[in-house]
Every structure is written in structure tokens, then in C-alpha cells.
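Please look over the structure below before reading on. The paragraphs after it go through the model part by part.

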Amino acid sequence: MSSSATTQDTVHPSSDPSIYQEYESKWSTLPSDSAGWVQRAKDIAAVLAPDAAAREKANKTPRAEVALLKHSGLLKILGPKEYGGGEQPWSVAYQAIREVAKGDGSIGMLLGYHLLWAFSSSILGTLSQIAKWSALITSQNLFVGGAVNPRDSDLVITADPNDPEAKIIFNGSKHFTTGAAVSDLIILEGSLSSSSSFPESGGGAHIFAYVPTTHPGITFSFNWDAIGLRLTESGSAQISNVSVPWEDALGWDAATKQPLPDILGVPFATLLLPTIQLVFTNFYLGIARAALDQGASYTRKSTRPWPYLSGGERETVAPAEKATDEFYILSTYGTHHAHLLAATALVDRANEGVSELFGAYNYGRGNRAELTAQQRGEISELIAAAKIVVTDVGLKVTSDVFEVTGSRATASKVGLDRFWRDLRTHTLHDPVAYKRREVGRWVLLGEIPTPTWYT
């Protein structure tokens, strides 16, 4: 057991990985095609869904759930086949995130963040860095978390006094570190100190680097206590004197202490942000779809029709005999199903767009620098549009599900409330109002967004 796990369990209990041990052998063979990978995600959802409400209420650190993801092979869905990965496109990975989120929104979110951070070297790194981290993460089936939250102050990077020419040191804290406390590797992001530590580079430049989560300088507070997504272990972390070799600074020249312009100075390097925005959108969609599906199941089995009619209705209309005959119940389910189908089509279009970009521009082709700002902007606007639609539809669905299930469906054991709480919690990650404005500027002015930490 890692030092972080030992420290944590004295403060906050963890789920027991042994409860899912049977799936290590059951899922020992990786899927052979895209349909198989999506089915594997559905299989995980089927394992997670029956006790999702109970596990959320227990609110244990999700070590068992991460073990289940490892057993499934989904952590390796994007990894190169030569290292034991699935080598699937992002469109399939996004579908997998969505399917897992149907079973448990928290675990879908953990999978999505892991895939983004595990893939980061392919966006930000040199060829040797991509090979190193892809091989390690994929072959060892590692789970990757992050301490990157841009709303906090950057971690401060200085020269390692013990080896200033070869190493840098990260210091600081992050308020949100989704999945990091239950990870094997953590990706750190910081900015170079404006002191004289780096006369070659100057201050303020950003560096991403992977480090082992068990590093003694990384401590977690285990203080995540939000109303939703409670099993994502998204609490704060303190980073103290974490030393990293310059050669592991993604996209930097270790000799000159400079960012490589053909890697970090091109639009391709900013694809990290729209890629994760689409991660969000897919697990939102999974949560919303699961709310409607679980609500429908409850309505079929337990919702009672309304027997009391008023006024002239009593003379001309007979009360519905079953809840599934109620006009307003049928109308509500029909409307939300239609809206979710439309949202799914839009999200799938964005998923394919991201896959096409990464398929056309990558280090293997040696053409990452050829991706234009316009191409990057267009996919960002498509993703923003999808996020707007899914946020609006999802919040409506997860709230309205109570209108068509009835008062008894508010019992905590039913667990319908978790869908709204999960969705409401993460849709506040970055204001969707800014996405609406961004898309509006694209429509009216033809203006692509300036890349930011959230665009």
C-alpha cells in the first residue's frame, strides 16, 4: 500500500479493491475492436450501477473502483498496441467514458481525467517523452491523476539546489486534484519562478511533468466533500520540493532550458483544453441518459397514476389506470428522450472531429506543427456548442425525472437525486455562459476563441 493510502485511511476510509478481484481474470483479455471496447465499458457500468447510490452515500475513497477500471483494461484504451494498449481513437474512448458514467458518474469522470492526463505527453511531449510515458503508463496499466487546476495559483518551479543543471523543483498547492490521491502517477503543472533561477528561460513559462504519486513531497488532504461526484477524490494537495529531471519537462529542451517552439509554440499544443472539455461533455451525457433510464425503470415498476380529476374532466375523462398511461408522463419521457438523442448526435459529431484531428496530425506523421489555429478554433466551437446543449438538456432531465416518478422516488434508497447532484457539481467547473458568448462570437463575427485554460 502506498504512503498516501496509509495516511489517508487513518482519516477517511477507502473502498476495498478485493471486492472486484474476480474481474481481473474475467477481463484479462483485452477487446479486439471498437465495439468490444464500448461493450467493456457497458460491462463496467453494469457492475457499478446496482449499488452506485449506496457507494456514494458511504463516500469511501474509490480505490476499489480504480482497481475495477484497471481490471477492465479501459485505462489502456488509447495506449499503443506495441505496449499492450487498445490503440483506439478518441471517439471510442469518449464513448467508453460516457458508458461508464451511466453506471456511476464519478467513475466515468475518473476514467475521463485519466485518459486526458495519460495522453498529455502525446500533445505536449517530444518523441522520446511520448515513447517513455506511453510505454510506462500502458504496459504497467497505471492510473494517472493531475494537480493542474488553473483557478489556483500555479505551482512554482525553481532550480533544484542539489542539481541545478539537471533538475527542477515544484512547490505549491492545488485545491482540486481529481483522482490524484488514488493514482500511480500525477501530472504536475507549474510556472518558472521569475527569479534568477532560469536566466535562459525567463519567468512565467509553464511546464508539465509526470511524477510518481508516492513521492514524499506530495500530500493529499482527502477533503473532497461536494454535493455530487463524491467518489472522484477531487480534494486538495500540497506539493513540497518535488524534484523532476529537466528531461521530463514535457516539450522542453533539457540542454537549453527552453520550450521547443515546434512542439509548444504551435496550435496543436493547445488541443489539451478542447479535448478535456469534450471529456466533460461525454460524462455529462452519460449521467443524463442514466437518469432518464433509471427514472423510466422506476416509473414502470412503482409510479402510481393520479386518480383525482377536477371540474369537467370528471365527466369526460377516465383517470389513467397505470402511470405509463398518464399523458404528462408519456410526454415528458418522449420529449427528454428526443432531446437526448439530438444531444448525442451533436456530441458524437464532436467526438469524431477530435479523432480526425489527432489522426491527421500527430508525431508519427511528423506534422503536428501543420495544424492551423483555424482548425483548432473550429473544433473548439463545436465542442463548446455540444457542451452548452448537454448542460441544458442534462440539468433539465435530471430535475424533471422526479416529475414523472413521484414523491416516493425521492427516497434516498432510490438514488435518483445523485444524477442531478453529479451534473450540477461539474457543470459549474467553468461557466457555460462564457461558452454561449464564445459560440455567439463565432456565429456573428466568425471569431475563433483565443486558447485559454478553459477553451
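**A walk through the model**

Leu 445 is placed in helix H15, which covers residues 432-445; helices (H or I, at least four residues) and strands (E, at least two) are DSSP runs, numbered from the N terminus. This is a predicted model, in which local features need pLDDT of at least 70 and side-chain atom pairs count only at pLDDT 80 or more, while totals for chains, interfaces and linings use all residues. Residues are numbered from 1 along each chain as its sequence is written, and side-chain values use heavy atoms, with hydrogens and water left out.

With a relative accessible area of 56%, Leu 445 is exposed. Here buried means under 20% relative accessible area, exposed over 50%, and partly exposed in between (1.4 Å probe, protein chains only). Val 443, Leu 444 and Leu 445 form a nonpolar patch on the surface, and together they have about 370 Å² of accessible area. Patches are made of residues with over 30% relative accessible area and no salt bridge, where like charges are joined within 9 Å and nonpolar side chains (Val, Leu, Ile, Met, Phe, Trp, Tyr) within 5 Å. The areas come from the Shrake-Rupley method with a 1.4 Å probe, and for residues only the protein chains shown count as cover.

Helix H15 also takes part in a salt bridge, defined as a side-chain nitrogen of Lys or Arg within 4 Å of a carboxyl oxygen of Asp or Glu. Arg 436 and Asp 392 form this bridge, with their closest N and O atoms 2.8 Å apart. The pair links distant parts of the chain, since Arg 436 lies in helix H15 and Asp 392 in helix H13 (residues 373-400), 44 residues apart. Arg 436 is partly exposed at 37% relative accessibility, and Asp 392 is partly exposed with a relative accessible area of 37%.

The structure holds 19 salt bridges. One of them joins the side chains of Arg 55 and Asp 104 (2.8 Å, N to O). This pair, too, links distant parts of the chain: Arg 55 is in helix H4, and Asp 104 is in the loop between helix H6 (90-103) and helix H7 (105-124), 49 residues apart. Arg 55 counts as buried at 10% relative accessibility, and Asp 104 is buried at 5%. Asp 51, Arg 55, Glu 65 and Asp 104 are linked in a network of salt bridges.

Within helix H14, Arg 421 and Asp 417 lie four residues apart, about one turn of the helix. They form a salt bridge whose closest N and O atoms are 3.0 Å apart. Arg 421 is buried at 15% relative accessibility, whereas Asp 417 is partly exposed at 30%.

Arg 421 also touches a loop residue, Arg 230. Arg 230 is located between strand E6 (218-220) and strand E7 (237-245). Leaving aside neighbours within four places in sequence, Arg 230 is in contact (heavy atoms within 4.5 Å) with Glu 56, Asn 59, Ser 106, Trp 224, Asp 225 and Arg 421. Leu 229 lies in this loop between E6 and E7 as well, and is buried with a relative accessible area of 1%.

Most residues other than glycine have a negative phi. Leu 229 has a positive phi, near 50°, and Asn 59 has a positive phi near 55°. Asn 59 lies in the loop between helix H4 (52-58) and helix H5 (63-72), and is buried at 10%.

The strands on either side of the loop pair, which requires that DSSP finds at least two bridges between them. E6 and E7 run antiparallel and are joined by three bridges, and Ile 218 has Ile 239 in E7 as its bridge partner. Strand E3 (residues 167-174) is also antiparallel to E7, with seven bridges; Ile 169 is partnered there by Ser 243.

Helix H14 (residues 417-426) includes His 426, which is buried at 6% relative accessibility. Leaving aside neighbours within four places in sequence, the contacts of His 426 include Leu 229, Phe 280 and Phe 283.Rings of Phe, Tyr and Trp (its six-membered ring) pair if their centres lie within 6.5 Å; planes under 30 degrees apart count as stacked, over 60 as edge-to-face and the rest as tilted. By this rule there are 16 aromatic pairs. In one of them, the rings of Phe 280 and Phe 283 have centres 6.2 Å apart and planes at 70°, so the pair is edge-to-face. Phe 280 and Phe 283 are three residues apart in helix H10 (residues 272-301), about one helical turn. Phe 280 is buried at 1%, and Phe 283 is buried at 0%.
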